[in-house]
Amino acid sequence: MEPRPVALKVLDWLSVILLLIASYLTLFWAPTEAVMGNVQRVFYFHVAAGWVGMIGFLLAVFSGIMYLIKSDMKWDIIGLAGIEVGLVFSLINIVTGAIWARPIWNTWWTWDPRLVTATVMELVYVAYLMLRQGIEDPERRARFGAIYAILGFVSVPLSFLSIRIWRTIHPVVIGSNDPGAEGTFDMTADMQTAFFFSLFTFTVFGVALLWHRIRIGRLQDKVERKKMELMS
Amino acid sequence: MAETTNYMILGFAVIFVTMGVHLWSLYNRAGRLKKDLAMLEEMEEE
């Protein structure tokens, strides 16, 4: 593996510093929400994680299109990195949502359009990894992966828009809430600071993780090629 | 105001543990691949 570039080292350290500051802002700076209490603080990282998850899936669909046009394996590596990072952050989003819901909705899970579409989205991308595991030929795997990533992306806007187009109890952060939404609140200036800082922090951290995952993908590709050379 | 501190702690624990596991996984995979590559290069030289 090539040595870690300076820019990536900077990004790594920046991520650590930003995560520390974001943790301080969410845990101590932002006021305690009057009705929900301390569990509302999870919201800042919950939304930020969902945002990074969607960025990862968006990167995967872009890489899928690029792979189909250029047939260059680097796009397959980038796409896989996008989906892996997207899955990790979407998982954080879903689980923290359930933890928040327990005291606020009095249940860990309900068949709400947002919860269902977000879980379906997660499962769609888990299936992407399973599909890849089942294909040995690297080019075939990349082609199938690219097509799947493009088709699977339908689940992303569906999940994002679900709370805006269907009746739901899930709060909407930006835009108007459904009258049936439970757990809504008005953000004060300090809450907005914590919220937008968390979004920025998770974006930087997500980019750093993507970069690391792409480097591992390149190394994996190199190992596979070397194995093929030795076997032939 | 509802007393929900335990749920907050659980939420942050899930966030940091999940991130930690992913970071460990990246580190572990990179190390294993480096070893594999070194071994393959050694075999190639022989």
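Chain B has an average pLDDT of 94, and 100% of its residues score at least 70. This is a predicted model, and its overall scores are ipTM 0.92 and pTM 0.93.

Now chain A. Chain A contains seven helices and zero strands, so there is little to memorise in the pattern: along the sequence it reads α-α-α-α-α-α-α. Its C-alpha atoms fill a box of roughly 70 × 40 × 25 Å along the principal axes. Of the 232 residues in chain A, 42% are buried. Take the contacts in chain A with a separation of 6 or more: 75% of them join residues 24 or more positions apart.Next, the core. The largest nonpolar core has 57 residues, and A:Phe57, A:Ile83 and A:Ala149 touch the most other members. Two or more residues each come from helix H1 (6-29), H2, H3, H4, helix H5 (138-152) and helix H7 (189-231) of chain A, and also from helix H1 (5-45) of chain B. H3(A) gives the largest share, 15 residues.

Look at A:Ile83 in more detail. Leaving out residues up to four places away in sequence, A:Ile83 touches A:Gly56, A:Phe57, A:Ala60, A:Tyr125, A:Tyr128 and A:Ala149. Two residues on that list, A:Phe57 and A:Ala149, were named a moment ago with A:Ile83 as touching the most other core members.

Then the two chains together. In the contact between them, 24 residues of chain B meet 30 residues of chain A. The chain B side of that contact consists of 14 nonpolar, five polar and five charged residues.

Helix H6 of chain A is next, residues 155-165. Which of its residues are buried? They are A:Val156, A:Ser159, A:Ser162 and A:Ile163. Viewed down the axis of H6(A), these buried residues fall within an arc of 125°, so they line one face of the helix. As a reminder, an α-helix has 3.6 residues a turn, so residues three or four places apart point the same way. What do the buried residues of H6(A) pack against? They pack against helix H2 (42-70) and helix H4 (113-133) of chain A.

On to a serine in helix H7 of chain A, A:Ser198. Is A:Ser198 buried or exposed? A:Ser198 counts as buried, because it has 26 C-beta neighbours inside 10 Å, and the cut-off for buried is 20 or more. Apart from neighbours within four places in sequence, A:Ser198 is in contact with A:Ala22, A:Thr26, A:Tyr44, A:Phe45 and A:Ala48. For a sense of distance, A:Ser198 and A:Arg132 are 66 residues apart in sequence and 33 Å apart in space, C-alpha to C-alpha.

Last, two loop residues with a backbone angle to point out. Most residues other than glycine have a negative phi. A:Ser71 has a phi near 55°, a positive value in a residue other than glycine. A:Ser71 is in the loop between H2 and helix H3 (73-105) of chain A. With 13 C-beta neighbours inside 10 Å, A:Ser71 counts as partly exposed.

The other residue is A:Asn106, in the loop between H3 and H4 of chain A. Its phi is near 65°, again positive in a residue other than glycine. Is A:Asn106 buried or exposed? A:Asn106 counts as exposed, because it has 9 C-beta neighbours inside 10 Å, and the cut-off for exposed is 12 or fewer.

Terms used. Residues are numbered from 1 along each chain as its sequence is written. Chains are lettered from A and ligands numbered from 1 in the order in which they are written. This is a predicted model: local features need pLDDT of at least 70, side-chain atom pairs count only at pLDDT 80 or more; totals for chains, interfaces and linings use all residues. Helices (H or I, at least four residues) and strands (E, at least two) are DSSP runs, numbered from the N terminus. Two residues are in contact if their C-beta atoms, placed from the backbone, lie within 7 Å. The arc is that of the directions from the helix axis to the C-beta atoms. Ala, Val, Leu, Ile, Met, Phe, Trp, Tyr, Cys and Pro count as nonpolar, Asp, Glu, Lys and Arg as charged, and the others, Gly among them, as polar. A nonpolar core is a set of buried Ala, Val, Leu, Ile, Met, Phe, Trp, Tyr and Cys residues joined through C-beta atoms within 7 Å. pLDDT is the predictor's confidence in each residue, from 0 to 100.
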